[in-house]
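Colleague: Got a minute to walk me through this one? I'd like to start with the packing.

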Amino acid sequence: MPTVQVTDLKDGDFLLDVREDDEWQAGHAEGALHIPISEFVARYGELTEAAPQDGRVNVICRSGGRSAQVTMYLAQQGIDAVNVDGGMQQWAEAGRPVVTDDGRPGFVL
């Protein structure tokens, strides 16, 4: 399973958040694309439209389990995807910003 550490991500790297709506609303990484794992297959086209054509898709969830499943699926589709090790919990622990939809500080649910 290809993985990346939160500390290795740079501002502007493409991030796909596969957590559910309540988790997203509590707090997420600014600029991430949100497609819950429960809706992922039906909304797959949204990812292919938004993802950089020659870039990597960094997949994140709360702790790394759900994002690992999506990462494996994307790799099978020929997409350069990596799992963000430790997920949003590690993101927050590393001091990366967690925000709500209106830009206020959020938290990892």
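Modeller: Sure. Keep in mind that this is a predicted model. Let's begin at valine 59. Leaving out residues up to four places away in sequence, valine 59 touches Leu16, Val18, Ser67, Val70, Thr71, Leu74, Ala81, Val82, Asn83 and Val84.

Colleague: Which residues touch the most other members of the largest nonpolar core?

Modeller: Leu16, Phe40, Leu47, Val57, Val59 and Leu74. That core has 15 residues.

Colleague: And which elements give two or more residues to this core?

Modeller: Helix H2 (44–50), strand E4 (57–60) and helix H3 (65–76). Another core lies apart from it, with 13 residues. Trp24, Ala29, Val82 and Met88 are among them.

Colleague: OK, new topic. Where does arginine 19 lie?

Modeller: In the loop between strand E2 (15–17) and helix H1 (21–26).

Colleague: Is arginine 19 buried or exposed?

Modeller: Buried. Its relative accessible area is 0%, so arginine 19 falls under the 20% cut-off.

Colleague: What does the side chain of arginine 19 make a polar contact with?

Modeller: The side chain of aspartate 17, at 2.8 Å.

Colleague: Which residues is arginine 19 in contact with, leaving aside neighbours within four places in sequence?

Modeller: Trp24, Gly27, His28, His34, Pro36, Ile60, Cys61, Arg62, Arg66, Met88 and Val108.

Colleague: Let's take histidine 28 from that list. Where is its place?

Modeller: Histidine 28 sits in the loop between H1 and strand E3 (33–34). Its relative accessible area is 5%, so histidine 28 counts as buried too. A polar atom of its side chain lies 2.9 Å from the backbone oxygen of tryptophan 24.

Colleague: What else does histidine 28 touch, not counting residues up to four places away in sequence?

Modeller: Asp17, Arg19, Met88, Pro97, Val98, Val99, Thr100 and Asp101.

Colleague: And glutamine 25, buried or exposed?

Modeller: Exposed. Glutamine 25 lies in helix H1, and its relative accessible area is 52%. Glutamine 25 and leucine 109 are 84 residues apart in sequence, yet 9.0 Å apart in space, C-alpha to C-alpha.

Colleague: Last thing, pockets. How much space lies in the largest pocket?

Modeller: About 240 Å³. It is lined by 14 residues. Asp11, Gly12, Asp13, Glu30 and Trp91 are the closest to its centre.

Colleague: How do the residues of that lining divide into nonpolar, polar and charged?

Modeller: 7 are nonpolar, 2 polar and 5 charged.

Conventions:
Residues numbered from 1 in each chain as written. Predicted model: local features only at pLDDT ≥ 70, side-chain atom pairs only at ≥ 80, totals over all residues. Heavy atoms only, no water. Helix = DSSP H or I, 4+ residues; strand = E, 2+ residues; numbered from the N terminus. Buried < 20%, exposed > 50% of the residue type's maximum accessible area, 1.4 Å probe, protein only. Polar contact = N/O pair within 3.5 Å; in protein donor to acceptor, adjacent residues only side chain to side chain. Contact = heavy atoms within 4.5 Å. 1 Å grid on protein atoms, 1.4 Å probe; cavity = no way out; pocket = protein on both sides within 12 Å on 5 of 7 lines; lining within 4 Å. Points joined across faces, edges and corners; volume = space filled by probe spheres on them. Nonpolar A, V, L, I, M, F, W, Y, C, P; charged D, E, K, R; others polar. Core = buried A, V, L, I, M, F, W, Y, C linked by side-chain atoms within 4.5 Å.
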